[in-house]
Amino acid sequence: MTIETSAADLSARLQFALDAARQAGEFIMSYYQSPELSVDRKRDASPVTEADRGAEQLIRKLLADRYPNDAILGEEFGESSGTSGWRWVLDPVDGTKSFIHGVPLFGTLIGVEQEGRPVAGVCRLPALQEVIYGADGQGAWWQVANRDPRRAKVSDVSDLSQATFSTTTIQGWKRVGRQAAFERITGTAAISRGWGDCYGHALAATGRVDVMVDPLLNPWDCAAFVPILKEAGGSFVDFKGVETIYSGNGLSVNAGLKDALLEILSCDDCC
């Protein structure tokens with residue numbers, strides 16, 4: 001495969017992901033704030049709805065028609081193998097708890113991997129009419145409603161005492177033994193907020209918060225954000241500073257705050 005063909009394939013998959021996320025978002029919104037919405041519980045007691053399952057099935061059907069040889073990893077229906085070297089990582093409704101409570105801070109995440117490396121990602125926030133997306137070498141972009149897309153850029157704040165910090169779950173910090181780190185960050189940061197799940201990472205990628213930290217993550221929660229943050233001038237890494245979606249934790253952060261945050265988060269003795 002030539003470099004040109006690879007770049008063309010990546011661009012085509014990014015455009016496919018954007019359209020698939022749009023269609024999934026339209027489907028999800030048909031259930032949003034519906035009094036008839038039913039909520040089930042998975043084995044881990046986390047909530048799941050018809051919107052979660054149906055949106056993933058919709059994306060999988062689109063993929064089967066367009067890219068039948070690509071692998072898929074999805075939150076609701078697991079993994080299917082492929083032979084092309086490409087894999088799609090799907091979270092149909094990231095922020096299901098927000099969704100079922102009628103809070104608009106949820107989104108559809110589609111990550112694209114090539115030979116195991118995240119190379120493109122889309123985060124669509126259907127209730128907010130926003131989409132943040134990016135691909136290796138093609139930039140990161142942010143579109144609101146029908147306005148023209150603009151470059152997505154992380155902030156340039158370099159002092160934690162001037163930073164806005166966001167996280168998803170306060171209880172999760174205690175569960176993984178990082179309560180001291182949480183308290184140190186919140187005790188230092190200028191502003192701390194619970195703008196969680198994919199919305200928090202989208203805020204970091206667009207410079208609206210300076211760092212978003214999740215002490216508990218699955219691969220489908222973050223695969224889309226690795227290339228988005230990189231192309232926006234920041235990083236998505238785990239608590240040890242490794243660019244990976246498999247550590248069970250992670251942060252989206254700008255360049256100026258990365259080292260300070262990792263010093264706090266990687267300190268096992270003080271956490």
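## Sheet, helices and pockets of a predicted model

Within strand 4, Ser80 is the residue that stands opposite Ile72. The structure described here is a predicted model.

Strand 3, residues 71-74, is a convenient starting point for the sheet. Strand 3 pairs with strand 4 (residues 78-80) in the antiparallel sense, over three bridges, and a hairpin of three residues joins strand 3 to strand 4. Strand 3 also pairs with strand 5 (residues 86-94), here in the parallel sense and over four bridges. In this second pairing, Gly74 stands opposite Leu90 of strand 5. In a regular strand, side chains alternate between the two faces of the sheet. In strand 3 both faces are covered: Ala71 and Leu73 are buried on one side, and Ile72 and Gly74 are buried on the other.

The wider sheet is open and is formed by eight strands in the order 4-3-5-6-7-8-9-10, with mixed pairing. Strand 4 and strand 10 (150-151) stand at the edges with a single partner strand each, so one side of each has no neighbour in the sheet. Strand 8 (residues 130-135) pairs with strand 9 (residues 139-144) in the antiparallel sense over six bridges. Val131 has Gln143 of strand 9 as its bridge partner.

Two helices may be described against this sheet. Helix 2 (residues 50-66) packs on the sheet and touches strand 3, strand 4, strand 5 and strand 6 (107-114). The direction of helix 2 makes about 155° with that of strand 5. Helix 6 (residues 197-205) lies across strand 5, strand 6, strand 7 (117-125) and strand 8, and runs at about 105° to strand 7.

The backbone has two residues to note. Most residues other than glycine have a negative phi. Ala45, however, has a positive phi near 75°. Ala45 is placed in the loop between strand 1 (39-41) and strand 2 (47-49), and counts as partly exposed at 48% relative accessibility. Asp197 is likewise not a glycine and has a positive phi of about 55°. Asp197 lies in helix 6 and is partly exposed, since its relative accessible area is 22% and buried means under 20%.

The two pockets compare as follows.

| Pocket | Volume | Lining residues | Nonpolar / polar / charged |
|---|---|---|---|
| Largest pocket | about 880 Å³ | 29 residues | six nonpolar, eleven polar, twelve charged |
| Second largest pocket | about 240 Å³ | 13 residues | five nonpolar, four polar, four charged |

In the largest pocket, the lining residues closest to the centre are Ser46, Lys97, Thr168, Asp197 and Asn218. Asp197, with its positive phi, is thus found again at this site. Two or more lining residues of the largest pocket come from each of strand 5, helix 3 (96-100), helix 4 (170-175), helix 6 and helix 7 (219-222).

In the second largest pocket, Arg22, Arg124, Gln129, Ala145 and Asn146 lie nearest the centre. The elements giving two or more residues to this lining are helix 1 (3-29), strand 8 and strand 9. Helix 1 gives the most, with four residues. Strand 8 and strand 9, which contribute to this lining, are the antiparallel pair joined over six bridges.

Conventions
Residues are numbered from 1 along each chain as its sequence is written. This is a predicted model: local features need pLDDT of at least 70, side-chain atom pairs count only at pLDDT 80 or more; totals for chains, interfaces and linings use all residues. Side-chain values use heavy atoms; hydrogens and water are left out. Buried means under 20% relative accessible area, exposed over 50%, partly exposed in between (1.4 Å probe, protein chains only). Two strands pair if DSSP finds at least two bridges between them. Contact means heavy atoms within 4.5 Å. Axes are lines fitted to C-alpha atoms, for helices over the stretch in contact, and angles run from 0 to 180 degrees between N-to-C directions. On a 1 Å grid over the protein atoms alone, a cavity is a set of points where a 1.4 Å probe fits but cannot get out, and a pocket is an open set with protein on both sides within 12 Å along at least five of seven lines; lining residues have an atom within 4 Å of a point. Grid points are joined across faces, edges and corners, and a volume is the space filled by probe spheres set on the points. Ala, Val, Leu, Ile, Met, Phe, Trp, Tyr, Cys and Pro count as nonpolar, Asp, Glu, Lys and Arg as charged, and the others, Gly among them, as polar.
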